[in-house]
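Let's take a walk through a protein together. Have the sequence and the 3D view open, and pause at each stop to find the residues for yourself.

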Amino acid sequence: MTRKPNILLITSDQQHFDTLGVSNPKIKTPALDRLCHEGTRFNRAYCPNPVCTPSRSSILTGMYPSQHGAWTIGVKLPEDVPTIGEHLKAGGYKTGLIGKAHFQPLASQEGSESIECQPTLRDLDFWREFQGPWYGFDHLELARNHADESHAGQHYAIWLEEKGLTDWRDYFQPVPGEASSKAPKINEKIGYWVREDRAWELPEALHYTTWTGERSLAFIEEAVKEDEPFFLWSSFHDPHPPYTVPEPWASMYMPEDMPIGKVANGEHEKNAWHFQETQKEQVDFGDWHKPFQAHGCSSHLYPEDELKKDMAVYYGMISFMDQQIGRILDKLDELGIAENTLVVFSTDHGHFIGQHGLIAKGPFHYEDMLKLPFIVRWPSKVPANQTSDALQSLVDLAPTFLSASGQGVPGEMQGVNQLAVWQGDAAEARNYVICENRHNPVMPHLRTFVNERYKITVYREADFGELFDLQEDPNELNNLWDEPEAAGIKLELLHKFIQASLKTEPTRMPRIAGA
């Protein structure tokens with residue numbers, strides 16, 4: 001009897017696609033480079049939504065955000081939606097999630113209850129008792145914070161106390177009514193994500209990146225001891241800002257060496273008004289901030305020297321994470337299970353560090369925001385040291401994992417099974433990807449269609465949009481939306497877009513009778 005493969009999903013948070021050492025000599029990622037050499041790197045992988053909760057929920061469900069329900073941050077993923085964890089658990093897998101979840105909002109109310117909010121996040125007695133099940137994971141070890149945010153707590157804080165750091169709250173931004181003496185000071189002149197000193201006093205050995213790596217090792221060891229196939233999602237938090245990290249990672253890269261992006265002269269003249277608004281000191285995004293603030297709908301003007309410092313720390317955060325990924329890969333070798341473990345590395349969405357004059361994220365569907373690093377390794381199954389331009393989407397992970405485990409793909413999943421592509425037996429499983437982005441009930445609300453050559457983006461209640469020829473204009477500097485000579489291809493792409501939307505409709509229940 002063939003043993004079911006272990007499935008190890010490793011993700012980062014908000015990582016630009018061009019941050020792998022194999023393709024970018026400015027950054028050091030030996031573990032991820034190793035994965036590339038031992039597996040296949042896919043150059044055209046995309047997120048289904050460039051925001052944390054909806055994209056992560058698509059990984060979990062194999063569904064687009066408009067269908068699984070967690071359509072933006074601050075929205076709960078309904079707990080009755082079927083998940084990959086539940087399906088694999090039913091197939092005999094030990095399931096675990098270690099690190100960041102972000103399936104629920106930072107507020108709780110009747111009908112939308114959340115355990116990922118205060119005061120629950122810092123109620124360690126609750127977390128000592130709560131290990132799962134939750135969204136199909138029988139084993140949970142969670143931490144909700146990015147960097148030094150006040151959302152720190154949960155299982156990570158319990159681990160800190162077990163390590164002797166009983167004053168851990170002092171290292172994180174305070175919750176209302178508290179103070180913290182060792183947290184980095186927020187640079188009020190620039191914004192919330194920036195710290196006056198980007199080197200964090202929290203010791204490297206007690207950082208959540210180390211915790212995620214260490215606890216992933218423990219889960220894997222336990223699964224091997226129990227002789228069970230496992231599905232583990234090792235969910236690293238970085239390099240999502242705030243930009244702060246312990247030494248030696250904080251000073252690993254020199255700001256003056258950082259290749260920050262820049263806006264090209266006149267590049268937003270053909271773009272919609274909200275692109276142009278980002279390049280002003282005083283901005284007005286009108287109703288786009290109703291009822292909640294829309295991420296990225298603000299001024300993106302930023303001191304170049306500070307942006308270089310941000311990028312240096314951003315790279316350091318990635319290299320730190322890479323160190324822990326290396327520990328996990330070494331553990332698979334040590335336990336003799338690497339040959340039977342399918343490993344996938346990716347991230348939830350991209351990031352701007354000056355490209356197109358933009359920072360962090362927002363309703364700007366450039367490749368920097370939508371495209372992802374994406375690596376697959378499965379010795380003797382997935383070709384080694386290969387690259388592929390086959391289109392991939394995070395929504396494809398769940399159905400492909402089920403196929404790898406020997407299970408069928410249920411009708412509610414909207415992603416496609418990429419297993420034959422991963423194994424080198426098929427050139428493609430899809431000829432387009434769709435990216436949704438609905439950040440408030442009305443606007444910003446946009447959707448993008450990408451195929452082999454073109455990208456087109458449409459907006460709700462608007463006649464503007466974007467059309468880029470990625471072959472002739474890979475840097476996306478020339479928006480063809482209103483160009484008369486592009487009218488034909490625009491019409492063709494809009495038709496293909498509608499056809500793609502029809503094809504992705506889920507069928508949670510099959511038709512079993514004529515009536």
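The paragraphs below go from a helix to cysteines, charges and some special spots in the backbone.

First, some ground rules: this is a predicted model, in which local features need pLDDT of at least 70 and side-chain atom pairs count only at pLDDT 80 or more, while totals for chains, interfaces and linings use all residues. Residues are numbered from 1 along each chain as its sequence is written, and side-chain values use heavy atoms, with hydrogens and water left out.

Let's begin with helix H11, residues 397-404. Helices here are DSSP runs of H or I with at least four residues, strands are runs of E with at least two, and both are numbered from the N terminus. We also need a word for how hidden a residue is: buried means under 20% relative accessible area, exposed means over 50%, and partly exposed lies in between, using a 1.4 Å probe and protein chains only. Seven of the eight residues of H11 are buried, so the helix is largely enclosed by the rest of the structure. The buried ones are Leu397, Ala398, Pro399, Thr400, Phe401, Leu402 and Ala404. Just after H11 you will find Gly406, whose phi is positive, at about 95 degrees.

Now to the cysteines. How many disulfides are there? A disulfide is a pair of cysteine sulfur atoms within 2.5 Å, and by this rule the count is zero. Take Cys47: the closest cysteine sulfur belongs to Cys435 and is 4.3 Å away, which is too far for a bond. Cys297 is in no disulfide either, as its nearest cysteine sulfur, again that of Cys435, is 15 Å away. Cys47 is buried at 1% relative accessibility, and Cys297 is buried at 3%.

Charged residues come next. Side chains of opposite charge can pair when their charged atoms come close. Such a pair is called a salt bridge when a side-chain nitrogen of Lys or Arg is within 4 Å of a carboxyl oxygen of Asp or Glu. A search of the whole structure finds 34 salt bridges.

One of them joins Glu79 and Lys76, with 2.9 Å from N to O. Its partners sit in unlike surroundings: Glu79 is partly exposed at 45%, whereas Lys76 is buried at 15%. Another salt bridge pairs Asp138 with Lys89, with their closest N and O atoms 3.0 Å apart. This pair links distant parts of the chain, 49 residues apart: Asp138 is in the loop between H5 and S5, and Lys89 is in helix H4, residues 84-90. Asp138 is partly exposed at 35%, and Lys89 is partly exposed at 39%.

Within helix H5, Arg128 and Asp125 form a salt bridge, their closest N and O atoms being 3.0 Å apart. They are three residues apart, so about one helical turn separates them. An α-helix has 3.6 residues a turn, so residues three or four places apart point the same way. Arg128 is partly exposed at 40%, while Asp125 is exposed at 55%. Salt bridges can also be joined up, as in the network that links Arg34, Glu38, Asp330, Asp333 and Arg377.

Finally, let's look at the backbone. Where are the cis peptide bonds to be found? One runs from Gly132 to Pro133, with omega near 0 degrees, and Pro133 is in the loop between helix H5 (124-129) and strand S5 (139-142). Another joins Asp238 and Pro239, with omega of about 10 degrees; Pro239 lies in the loop between strand S6 (230-235) and helix H8 (273-277).

Two residues other than glycine have a positive phi worth finding: Asp227, at about 55 degrees, and Asn385, near 55 degrees. Asp227 lies in the loop between H7 and S6 and is exposed, with a relative accessible area of 54%. Asn385 is in the loop between strand S11 (375-377) and strand S12 (386-388), and is exposed at 53%.

Our last stop is Ala426, in the loop between helix H12 (419-422) and strand S14 (432-438). Ala426 is partly exposed, at 30%. Ala426 and Ala390 are 36 residues apart in sequence, and their C-alpha atoms are 9.4 Å apart in space.
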